[in-house]
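Here are a few exercises to work through with the model open beside you. Try each task before reading its solution.

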Amino acid sequence: MFKYSFQWNQALKALPQMLDGALVTMQIALLSMAIGLVVAIILTLFRLSGSRLLRGFAVAWVEIARNTPALFQIYMAHFGLGSFGIHLSPFTSLLAGIAFNNAGYLAENFRGALKAIPDTQARAGRSLGMTSLQAFRLIVVPQMLRIAFLPITNQMVWAILMTSLGVTVGMNTDLAGVTQALNARTFRTFEFFALAAVIYYLIAKVVTLAARLIASRLFRY
Amino acid sequence: MFDTSLSWGDIVFLAQGAGMTLAVTAVSVIAGTILGIFCGVIRVQLGPYWSIPLTFVLDIFRSVPLLIQLVLANAFQSIAKLGWPPFTTSCVVLSLYTAAYCTEIVRGGIDAVPLTTRRAGRSLGLSWWQDMRFIVAPLATRVSLPSWIGLTLGVMKDSALVLWLGLIELLRASQILVTRLQEPLFILLICGAIYFLISFPIARLGGYLEKRWSPND
Amino acid sequence: MIEIESVHKSFGKLEVLKGINLTVNKGEVVSIIGGSGSGKSTLLTCINGLEPINSGKIKIDGTEVHAKSTDLNKLRQKIGIVFQQWNAFPHLTVLENVMLAPRKVLGMAKSDAEAIAVKNLTHVGLAEKLSVYPNRMSGGQQQRMAIARALAMSPKYMLFDEVTSALDPMLVGEVLDTLKMLAEEGMTMICVTHEMAFARDVSDRVAFFHQGVMAEIGTPEQLFGAPQNPETQKFLASIR
Ligand SMILES: Nc1ncnc2c1ncn2[C@@H]1O[C@H](COP(=O)(O)OP(=O)(O)OP(=O)(O)O)[C@@H](O)[C@H]1O
Ligand SMILES: [Mg+2]
């Protein structure tokens, strides 16, 4: 059935190059998560605010992020903004697209987490003389973080997987991009991409495990 | 409002792309769900320990980027001289991808049926199959349906990646028009709106069902 | 001194308090009894300003609670409140639960706050549970922790809202004993309660609430022995 001779050596020789790519992948994922978390917090505050405009803006962001493909969001950054004369590099458009996606999903998670904390908790804090800000910061937010922690780590794994989409807009320094460049030179598609798959898998598992470890340290109740 | 050179033919082209998106999604979700139910029941029957190999394999589909899976599958079918067209390859990969998630949903649904309820069924003399069919399935479906709807929408959105294998689905169709007409924002907005129109109502339905069927109210 | 003068309070169209007058003197223990929905909890949440009122006045040591110029956070430090649902902070240990407000609200040093917390937790019989998380404790223990948490702010007044009614019968006693101890120490308290024996034994005065009105108030002997208002008589007959 297989008239094909696998050449794993060639792929393994490229391993250092691919690991460099994996570093870029992690860098984009972490950056996009950092941006996403900050924006998600802002969107959550917008949603809680009294202003209809701010609430509408936040809802629109969340719904677009959740109801269109991540690849579409990256295309919007890469091609769509061209209509305004803005031409982002593959790196920037990939980062922007993933950060947009992260922010939307995380904001939705935060909203759910907030809803899960009964308002009697904040009230109990208020009755001890805390300001509403204190009650929010000292009582609501820590509990919210625990509820949102698992979704946040899931989103982190998603972000790592999403970075592979950069190759479709010409990204060539992350793991998928490096792999594709090697593939274009050697046509050893299966070997290179199989190796990439293993690296992605290991990264995802390490991140998940690390998150579990952190969670067990952080949340002992 | 827009001064556009988008023609009727182009809109039909986009619609065909959307049709491709829906076709790939439908085939994958149906096949993936059947496989997922099968694997989910096996997982529950074997228990967490004996199903470790199955869990491990399915987990790979959730931990490796879908794009890489598609490329790998395509390379594999060409190496193995299977002669699959891109549509087949795409559907096979997306079905396995769906099945991997669906298995977890099914397992969660079955686990949510209290053991006492199942015992009650069995103690009335129902067979394993009858218990599954008349007690477990209806209850588990209720628990699982919202997540399953979410999964379906996820697959619909992720199906955009099959453009990498050369299938002209909605996003690829838009990209072709963008290249030709040089109106990226306008065309991508139409594309996004189509995705949104397919996804949003179904997502809302899922949210509604989740609220209505949540066990504690 | 807590002075409540013709307080009216509505939730939307529903008038929940219809002109309440009540003065609680220093060192006094007043129990409030009455049917469900008669406005007992609402009155307590109005007293410490968690709820606004529509008209009337509530004064704590002469300071009007609902005046715009009042610093509610400051005022609330004087008034401890414990709810039926104890609202333990699940992310903090028992000790941290009690230390939180003294540190963050009163700005105490960690060691001082800890000393106060330990003292109060010992007082309510939880000295062994300092490093436990609340969800590892029984309802009665959590409720006593909530009492210690309020006491750690050294309040002059304590408000208790049916603090035993979410507890298993077995656990009611330990919490009531804690309240009795506080009463004997001279704490000024308002207790909303369904425990008639407790109201009779501990209170200086007992008030009966009916549909947003304080229908009757008197010493336990008067109110339980010879109730004047027909609604009071009906209520007491119904629970016997
Ligand atoms: N936040 C609120 N919004 C609207 N209505 C409320 C609110 N809080 C209380 N109510 C209503 O006010 C009325 C009085 O409530 P309150 O909780 O003061 O009664 P209660 O005497 O404490 O009763 P219970 O013995 O059941 O605790 C009830 O009809 C209740 O439905
Ligand atoms: Mg009440």
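**Exercise 1.** In this predicted model, work out in which sense strand 3 and strand 8 of chain C pair, and find the bridge partner of V29(C).

*Solution.* Start with the two strands: strand 3 covers residues 29–34 of chain C and strand 8 covers residues 188–192. Four bridges link them, and the pairing is parallel. Next, look at V29(C): its bridge partner in strand 8 of chain C is M189(C).

Now add a helix. Helix 6 (residues 169–184) of chain C packs on the sheet and touches strand 3, strand 7 (157–161) and strand 8 of chain C. The direction of helix 6 makes about 150 degrees with that of strand 8 of chain C.

**Exercise 2.** Place these strands in their sheet: what is the strand order, and which strands are at the edges?

*Solution.* Trace the sheet across chain C: six strands follow the order 6-7-8-3-9-10, the sheet is open, and its pairing is mixed. At the edges are strand 6 (79–82) and strand 10 (213–218) of chain C, each of which pairs on one side only. On average, neighbouring strands of this sheet are turned by 15 degrees against each other, ignoring direction.

Then find helix 9 (residues 230–239) of chain C, which lies across strand 3, strand 9 (205–210) and strand 10 of chain C. Helix 9 runs at about 95 degrees to strand 9 of chain C.

**Exercise 3.** Find the four-stranded sheet of chain C and say whether its pairing is parallel or antiparallel.

*Solution.* The order is 2-1-4-5 in an open sheet, and the pairing is antiparallel. Strand 2 (14–24) and strand 5 (63–64) of chain C are the edge strands. Inside the sheet, strand 1 (residues 2–11) and strand 4 (residues 55–60) of chain C are joined by five bridges. One position to check is I4(C), which stands opposite I58(C) in strand 4 of chain C.

Finish with helix 1 (residues 40–47) of chain C: it lies across strand 1, strand 2 and strand 4 of chain C, at about 115 degrees to strand 1.

**Exercise 4.** Move to chain B and decide: is T25(B) buried or exposed?

*Solution.* First locate T25(B) in helix 1 (residues 8–50) of chain B. Its relative accessible area is 7%; buried means under 20%, so T25(B) counts as buried. Finally, look for its contacts beyond the neighbours within four places in sequence: these are T152(B), V155(B), M156(B) and S159(B).

Technical notes:
Residues numbered from 1 in each chain as written. Chains lettered and ligands numbered in written order. Predicted model: local features only at pLDDT ≥ 70, side-chain atom pairs only at ≥ 80, totals over all residues. Heavy atoms only, no water. Pairing = 2+ DSSP bridges. Contact = heavy atoms within 4.5 Å. Axes fitted to C-alpha atoms, helices over the stretch in contact; angles between N-to-C directions. Buried < 20%, exposed > 50% of the residue type's maximum accessible area, 1.4 Å probe, protein only.
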